[in-house]
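Please look over the sequence and the model before reading on. The paragraphs below go from the whole chain to its parts.

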Amino acid sequence: MATDPSSGMLDQARSLNQGIFNIDYQQSPAEDLSFLESASVDMIVSGQAAHWFDYSRFFPEMKRILRKGATLALWGYKDHVFVDYPKAADILNMYAYGKGGDLLGDYWQQPGRTIVQNKYRDIEPPEEEWEDVQRIEYEPETRGRYSGKGTLFMEKRIKLSECMNYIRTWSSYHGWQEKHPDLQKREDGGEGDIVDRMFDDMVKHEPEWRNDENWMDRDVDIEWGSGLILARRK
């Protein structure tokens, strides 16, 4: 069973899972799964969504539908880190969370983004209903691959040009774009958007990139920080 409050997200899931016939799709928020019977579910998994839940409604609903001893797993990931390039990593963080309207920090939806940044530590399953609570985290470092702390779940080798377009999928970027409609990316013939500026700054401060005229085609390793909460229904 797969659920989401957005019909568009469900359409995308169906498209990605063509040929898999044992998934039922339901448009519904996590706080209201009334189509499921009480004590009928063995496991609930939430990926990159729990930071938006209304916990005063979510946890009672999980208590209702999960059998005793069943598992609840809440997983989310924060921003990626250039693990071999500390200066680029610092610049990414500054552009992503700097304030003032000209950077991306003012355009994240809150409190959800802060919950993600804290690796879901703000989410606390009620002790009277849940046991065996475990938190599995990963925080990348900039001393190379696997130099971070914790259990790594997400990594990728990616071209810098692909990384630029990935950042353009962020919700904060779309909010910034709405406020700056005249600043289009250079790839589309514009003068440059905030991602172009961000990477200009990175190239200036990372010698390997600065000395490579084809730097946009350079492959780099990135890792994402993440948080996973596991809990068992009492």
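How many helices and how many strands are there in the protein? The model, which is predicted, has eight of each: eight helices and eight strands. Along the principal axes, the C-alpha atoms fill a box of roughly 60 × 40 × 35 Å.

Next comes the chain as a whole. The protein has 234 residues, and 42% of them count as buried. Its accessible surface is about 12900 Å², and carbon and sulfur atoms make up 46% of that area. Among contacts with a separation of 6 or more, 71% are between residues 24 or more positions apart. As for charge, there are 30 positive and 43 negative side chains. The centres of these two sets lie 4 Å apart.

Now turn to the interior. Which residues have the most contacts inside the largest nonpolar core? They are Phe82, Met198, Phe199, Met202 and Trp209, in a core of 30 residues. Several elements give two or more residues to this core: helices H3 (86-97), H5, H6 (171-179) and H7 (194-205), together with strand E8 (219-233). The largest share, six residues, comes from H7.

Met202 can serve as an example. Leaving aside neighbours within four places in sequence, Met202 is in contact with Phe82, Ala88, Ile91, Leu92 and Trp209. Two of these names, Phe82 and Trp209, have already appeared among the residues with the most contacts inside the core. The protein also has a second, separate core, made of 22 residues. Phe58, Leu72, Ile123 and Ile229 are included in this second core.

Helix H5 is worth a look by itself. Which residues of H5, which covers residues 160-167, are buried? They are Leu160, Cys163, Met164 and Ile167. These four cover an arc of only 105° around the axis, so they are on the same side of H5. The general rule behind this is that an α-helix has 3.6 residues a turn, so residues three or four places apart point the same way.

Finally, consider a residue outside the cores. Asp11 is found in helix H1, which covers residues 7-16. Is Asp11 buried, exposed or partly exposed? Asp11 counts as partly exposed because its relative accessible area is 47%, and the partly exposed class lies between the limits of 20% and 50%. Asp11 and Asp102 are 91 residues apart along the chain, and their C-alpha atoms are separated by 34 Å.

Terms used. Residues numbered from 1 in each chain as written. Predicted model: local features only at pLDDT ≥ 70, side-chain atom pairs only at ≥ 80, totals over all residues. Heavy atoms only, no water. Buried < 20%, exposed > 50% of the residue type's maximum accessible area, 1.4 Å probe, protein only. Contact = heavy atoms within 4.5 Å. Areas by Shrake-Rupley, 256 points an atom, 1.4 Å probe, with all protein chains shown as cover. Lys, Arg positive; Asp, Glu negative; His and termini not counted. Charge placed at Lys NZ, Arg CZ, Asp CG, Glu CD. Arc of directions from axis to C-beta. Core = buried A, V, L, I, M, F, W, Y, C linked by side-chain atoms within 4.5 Å.
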